[in-house]
Amino acid sequence: MPDTVAGAFGLIERDHGLVWHPYAPLDGPRPYAVDSAEGIRLSLTASSGETFEAIDAMSSWWCAVHGYRHRSLDAAAHAQIDMFSHVMFGGLTHAPAVRLAERLTAMAPGPMAHVFFADSGSVSVEVAVKLSLQYQAARRRPGRQRILTVRGGYHGDTFVAMSVCDPVDGMHASFGSILPRQVFAPRPPQARLVEQPGGATTWEVDDHELDVWADVMRASAAEHADEVAAIVVEPILQGAGGMRAYHPDCLRVLREIADEHDLLLVLDEIATGFGRTGRLFAADWADVAPDVLCVGKALTGGYLSLAAVLTTGEVGSLITGSQHRSLLHGPTFMANPLACSVANASLDLVEASWQASVGSISTLLRHHLQAARTIDGVVDVRVLGAVGVVELAEPVDVAVATRTALEHGVWIRPFRNLIYTMPPYVCEPDDVAAIAQAMVHACAACAA
Ligand SMILES: *Cc1c(COP(=O)(O)O)cnc(C)c1O
C-alpha cells in the first residue's frame, strides 16, 4: 500500500461505498486515512488531500491507553510471533493465557477464581449472561432467564448484549422480537466527583434522588426476582450510554439486591477497567465485589481484540457440578496467544503507572476544561479519572467538531450531544492541555 498522501487519498475513495464503518451509511462522510501512528499521535489524510498530525484523544475508542507502537507492547507481540501466533484452546493451553488469567484474578475486585477468554467485549457479555443462566439452572431455578439492568447502559452490539443496552439508544425497536426482553429500572441519579482543595475527592449526589432510585430498584428486583438470573451494569460510569457517573452507594445497593434475591451481580468493566475512572476498577470506588466481571478494551493496550469474563470460586464450582459441567461457549480464537502476550505486557505498564498518570490527567482535565463552561450551548462539564466530558444542549455536528479539533491538532469522535476525551495514559501535561483546548474550540464551532 502506497504511504504517500496521494496513496491515502486513493485509499479513501476506494473505501467509500465498499466498506461499512461503525454506525455509518455506505455513502456517509468520508473517513480520514491513517498514514501512521506513533506514541499518542495519529498522522491522518483527509479526503481533500490535507494532512493532519493529531493527538488521539479517544485512545482508539478507549483502548490504546499506552499509545501506539509502544516498545514493550511491540516487543511482546514480536516475541510471541516468533513462537506461535495462534493455537486452538480446545485441549491445548499456553503460557500467555495462564499467566494472564493468574494476573487478572489477582488484580480484579473481589475473590475472582476463574477466567473465560472471549474475543471481544460484546462476546464477553454474551458469555457472562450464559454463565448467569447456567448458574441459576444449576441452582434448580431454570425459569430465571432474564436480566435486570438500568437505563442508559451500553454493553455491546451482539443480540443479548444489545438487549441489555438502553432500549432507546440501543435501537431495540429496529430488531423486534428477536431481542430478548430484559427488565429495565431507571438509570441511577447522576453523581459527580468533586475535587477538594488539597486534592481529596468527594462524591456529590442528590440524596433524595438516590433514595428514590434505590426504592424503585429494590421494588423492581422484588417484582421480577423469580424470572431474573443476574443484574448486569457498568459500575460507576455509564460510557457509550452518555458518559455519566453515578454514586458508589448505588452500586452497593445493587450488591445488596443481588444478595437478597440470589442474583449474580455482573459488572461490565470493559470501558472502566484498568484505571480509567481513577480506581484500578470502577467497582473499587464502592468496594463492591462482583460475582462476574467483564473486561476488554484496554486489556491489550488496544493492540488486539481480547476480552475476559472472570467469576468466583462459588460460581465456578456450581457450573462444574451442573448438568453440562462446562460453560457452554468456545470461540475459535479463544485466548489468542498474541493477544494474551500483549495483554500481559500492557498489565505491566498499567500496574507500574496507571495511578500517577490517571491522577495527573484528571487534575489537568478539570483545570483546562473549565473554559468550556463559558461557551453558549454547553450545559455540563464533568471529569472522572481520565475521562473528560463536555455536554452540549444540542446534538453535536460530528463533522464540524472533528474538523475543528483536527485543526487544533487533536482527534476526537463526539457522539450525540457529547464532546469528550478518554486520552492515552501516556499523555504529557501539554498534551492534555492541547486536548482540552481543542475540545473547547470544537464546542464553540458547534455552538456557532
Ligand atoms: C465497548 C463496550 C462493550 C463492547 O465491547 P466490544 O469489544 O466493542 O464488543 C461492552 N461494554 C462496554 C461497557 C463497552 O464500553
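**Reading burial, ligand contacts and salt bridges**

Q: Buried or exposed: which word applies to aspartate 291 and arginine 255?

A: Aspartate 291 and arginine 255 are both buried. Buried means under 20% relative accessible area, exposed over 50%, and partly exposed in between (1.4 Å probe, protein chains only). The model is predicted: local features need pLDDT of at least 70 and side-chain atom pairs pLDDT 80 or more, while totals for chains, interfaces and linings use all residues. Residues are numbered from 1 along each chain as its sequence is written, and side-chain values use heavy atoms, without hydrogens or water.

Q: What links aspartate 291 to arginine 255?

A: A salt bridge is a side-chain nitrogen of Lys or Arg within 4 Å of a carboxyl oxygen of Asp or Glu. Aspartate 291 and arginine 255 form one, with their closest N and O atoms 2.9 Å apart. Aspartate 291 sits in the loop between β12 and β13 (292-295), and arginine 255 in helix α8, 36 residues away in sequence. Helices (H or I, at least four residues) and strands (E, at least two) are DSSP runs, numbered from the N terminus.

Q: How many salt bridges does the structure hold, and where in the chain are the partners arginine 139 and aspartate 262?

A: The structure holds 19 salt bridges. Arginine 139 and aspartate 262 make one of them, at 2.8 Å from N to O. Arginine 139 is in the loop between α5 and β5 (146-150), and aspartate 262 in the loop between α8 (248-261) and β12 (264-268); this pair links distant parts of the chain, 123 residues apart. Arginine 139 is partly exposed, its relative accessible area being 32%.

Q: Why does the salt bridge of aspartate 169 and arginine 416 tie together parts that are distant in sequence?

A: The N to O distance between these two side chains is 3.5 Å. Aspartate 169 lies in the loop between α6 and β6 (183-185) and arginine 416 in the loop between β17 (410-411) and β18, so the pair ties together parts 247 residues apart in sequence. Aspartate 169 is partly exposed at 33% relative accessibility, and arginine 416 is partly exposed at 37%.

Q: Which residues are linked in a network of salt bridges?

A: Arg192, Asp380, Arg382 and Glu391 are linked in such a network.

Q: Which residues are around the ligand?

A: A residue is near a molecule if one of its heavy atoms lies within 4 Å of it. Around the ligand are Trp62, Ser120, Gly121, Ser122, Tyr154, His155, Gly156, Glu234, Asp268, Ile270, Ala271 and Lys297.

Q: Which polar contacts does the ligand make with serine 122, aspartate 268 and lysine 297?

A: A polar contact is a pair of N or O atoms within 3.5 Å; within protein, one must be able to donate a hydrogen and the other to accept it, and residues adjacent in sequence count only if both atoms are side-chain atoms. A polar side-chain atom of aspartate 268 is 2.6 Å from a ligand nitrogen. An N or O atom in the side chain of serine 122 lies 2.6 Å from a ligand oxygen, and lysine 297 likewise places a side-chain N or O atom 2.6 Å from a ligand oxygen. The ligand taken alone exposes 380 Å² (Shrake-Rupley method, 1.4 Å probe), and the protein buries 83% of that.

Q: Where is glutamine 136, and which backbone oxygen does its side chain meet?

A: Glutamine 136 is in helix α5 (residues 121-138) and is buried at 0% relative accessible area. A polar atom of its side chain lies 2.9 Å from the backbone oxygen of alanine 229.
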